[in-house]
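Trainee: I would like to learn how to read the features of a protein model, one at a time. Could you take me through the one in front of us?

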Amino acid sequence: MPSDTTMNAKIPSGPLAQKWSKHKQDSKLINPANKRKFSVIVVGSGLAGASAAASLSELGYKVKCFCFQDSPRRAHSIAAQGGINAAKNYQNDGDSVYRLFYDTIKGGDFRAREANVYRLAEVSAAIIDQCVAQGVPLAREYGGLLANRSFGGAQVSRTFYARGQTGQQLLLGAYSALNKEIARGNVEMYSRSEMLELVMVDGHAKGIVVRDLVTGKVSSHAADTVILATGGYGNVFYLSTNAKGCNVTSIWRAHKKGALMANPCYTQIHPTCIPVSGDYQSKLTLMSESLRNDGRVWVPKKKEDCSKPPGQIAEDDRDYYLERKYPSFGNLAPRDISSRAAKEACDEGRGVGPGGLGVYLDFADAIIRYGHDQSPGKSLPTDELQRLGKAVIKEKYGNLFDMYERITGESAYEQPMRIFPAVHYTMGGLWVDYNLMSNIPGLHVLGEANFSDHGANRLGASALMQGLADGYFVLPYTIANYLATQKPGSIKTDHPAFKEAEKEVAERTKKFLSIKGKRTVDSFHRELGLLIWDQCGMARTREGLQKALKRIPEIREEFWTNVNVSGTGEQLNHELEKAGRVADFIEFGELMCIDALQREESCGGHFRTEHQYTKEDEAAKRGQAGEALRNDAEFAYVAAWEYTGDTAKPALHKEPLEYEEIHLAVRSYV
């Protein structure tokens, strides 16, 4: 077992606002001529991976970039809709770097590393400048200035956006930068290639083994350092808003080679998703949080009204529960709080739609308000106000409304959307230090694949901010601290470690194909996902987690004796791809539940029903009844888990969360 010295976070000394500047000044440098001698592997081509690959190549490093999609532009970052945060204070509404920092720490329920979050807020403004320079078509006001809107957990407007397709436009910007370097010959791009093993040489990460998803060919690639930017593990739940290909395999391979997995139980349930429509649905669809700028969330006050069309429910019979419970933030309360409030309303029998698993997101008031804005001083009939207002709503959210109508057959211009919480993002990931390097020397981890910035709950529009911050503005400075200690090109693929790693991949593939059982891979994934959703989803209990930890090993045992993977390994084989990913999800799901069970508190997206404020606490002004009750005395730490050879018995390492600038407080949005 590694000692806790492997968890040296390397946080710079000095005042919080000066740490990043001091760290850049103190960091090692590599001169331009020597940069050309170093090689870097980047796994993943989303916002974090593409921006890192492009930036490092521009600095002179030789880069190999891998993705399992047919093009880097199809990375899941493209699915982000609502916007990207930055502390530019263009609206002159009181925003600042410190306010973005504090909102992020508070939004994460005081379970994030202070120095990393401040750095994120500090570099946020530069991201917008970078993207505008690339030509990303961010929305602008009538006069030509960049526009902003609000997102959950903030009382200022700091979110930059491109209608409802911000992630797509930002990724096209990073993709153009990456393509420039590919054309220059300094980045080798490997599409349709999936990382199946991390190669370790003398305790350092020095390469990867990948499988060509079209031909089945397995190959090794060596480099001086490896960067994982492979996204989150939300598909462990089977149903999520993630693309079907999103998986945990890359970071789980690294974990089983010694990388610490931090806070795996911190998962985010997004409150505005299209509800589940049937037992055999394969994924869920996000409706951007930006819609809560103008949409009002409500359910009927009386159970008997739930079956009525929404237009037949009188205003006085509607419960705008977010506005009622959280008046200071209203419909823009943070995601974890909004999701639990929706679940609470549905558990009370006041949910709408099939199965009672839905709440309304209503734009009627916003349509009328915008109608008045478009006709100042005029007294127009309601129909005309609605026509003018709908045009404004369409300009702001048109593609989202179109998507909703294609999926549900309902027009959100004419009646409220039906929404329900769904898995969307994961705050946990591989443990990294201030340089974004894991406890494995030479293994850097970026974006959603690491744990570093969001604590127990991510604020809306901060995922894009973190991915681009890590790739454009953090790693290009910090990577030299490791590379300057290495001899460039000293490890080649003829090293025995690569042959051993390829052997492990071949044996695992042979095992999958030889089982010849009676159940499909998807049936195991669906069963695992439902179990984890029920016992380690929006609400968790000791009893439920223990139930899951009893059942998961049984699922794993049956998987390895009864799964059926058709075809061969020497061809395009989607079932083989899924089998590898689901095998890793089964093992990872067990660690998630272990982490959730040992964390005897509620914080952010980790809600243990045994640990919540009571009505007595609310009367005594200690906290709002039903909200998460933290235990700062015992659990103000990062839980970093080490693989010991037995997935049921991981070793826990703790990084204490020490706050210099802020004080731990009860999170309140009232």
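Mentor: Let us begin with one residue, Trp533, which counts as partly exposed because its relative accessibility is 25%; the classes are buried for under 20% relative accessible area, exposed for over 50%, and partly exposed in between, with a 1.4 Å probe and protein chains only. Please keep in mind that this is a predicted model, in which local features need pLDDT of at least 70 and side-chain atom pairs count only at pLDDT 80 or more, while totals for chains, interfaces and linings use all residues. Residues are numbered from 1 along each chain as its sequence is written, and side-chain values use heavy atoms, with hydrogens and water left out.

Trainee: How is a pair of aromatic rings described, and how many aromatic pairs does the structure hold?

Mentor: A pair of aromatic rings is described by the distance of the centres and the angle of the planes. Rings of Phe, Tyr and Trp (its six-membered ring) pair if their centres lie within 6.5 Å, and planes under 30 degrees apart count as stacked, over 60 as edge-to-face and the rest as tilted. The structure holds 23 aromatic pairs. In one of them, Phe66 and Tyr190, the ring centres are 4.7 Å apart and the planes stand at 10°, so this pair is stacked. Phe66 belongs to strand β2 (residues 62-66) and Tyr190 to strand β5 (residues 187-190), so the pair ties together parts that are 124 residues apart in sequence. Helices (H or I, at least four residues) and strands (E, at least two) are DSSP runs, numbered from the N terminus. Phe66 is buried, with a relative accessible area of 1%, whereas Tyr190 counts as partly exposed at 22%.

Trainee: Which kind of pair do Phe237 and Trp533 form?

Mentor: Phe237 and Trp533 form an edge-to-face pair, with 6.3 Å from centre to centre and 80° between the planes. Phe237 sits in the loop between β9 (225-228) and α7 (249-256), and Trp533 in helix α15 (residues 521-536), so to speak distant parts of the chain, 296 residues apart, that the pair links. Phe237 counts as buried, at 3% relative accessibility. Elsewhere, Phe363, Tyr397, Phe401 and Tyr413 form one aromatic cluster.

Trainee: Which residue lies over the face of Tyr425?

Mentor: A charge sits over a ring if NZ of Lys or CZ of Arg is within 6 Å of the ring centre and within 35 degrees of the ring normal. Arg458 lies over the face of Tyr425, at 4.1 Å from the ring centre, and Arg581 lies over the face of Phe68, at 5.0 Å.

Trainee: Which residues touch the most other members of the largest nonpolar core?

Mentor: In soluble globular proteins, nonpolar side chains tend to be buried together. A nonpolar core is a set of buried Ala, Val, Leu, Ile, Met, Phe, Trp, Tyr and Cys residues joined through side-chain atoms within 4.5 Å. The largest nonpolar core has 175 residues, of which Leu228, Met417 and Leu443 touch the most other members. Helix α17 (residues 574-598) gives the most to this core, with 13 residues. Apart from it lies another core, of ten residues, including Val209 and Ile491.

Trainee: How should I read a strand such as β18, and which residues lie on its two sides?

Mentor: In a regular strand the side chains alternate between the two faces of the sheet. Both faces of β18 are covered, since Tyr637, Ala639 and Trp641 on one side and Val638, Ala640 and Glu642 on the other are all buried. Six of the six residues of strand β18 (residues 637-642) are buried, so the strand is largely enclosed by the rest of the structure. Two strands pair if DSSP finds at least two bridges between them. Strand β10 (residues 261-262) pairs with β18 in the antiparallel sense over two bridges, and Met261 has Trp641 as its bridge partner. β18 also pairs with strand β19 (residues 651-656), antiparallel and over six bridges, where Glu642 stands opposite Ala651.

Trainee: What joins strand β7 to β6?

Mentor: Eight bridges join strand β6 (residues 193-201) to β7, and the two run antiparallel. Val209 in β7 is the bridge partner of Glu197, and Val209 also stands opposite Ser220 in β8.
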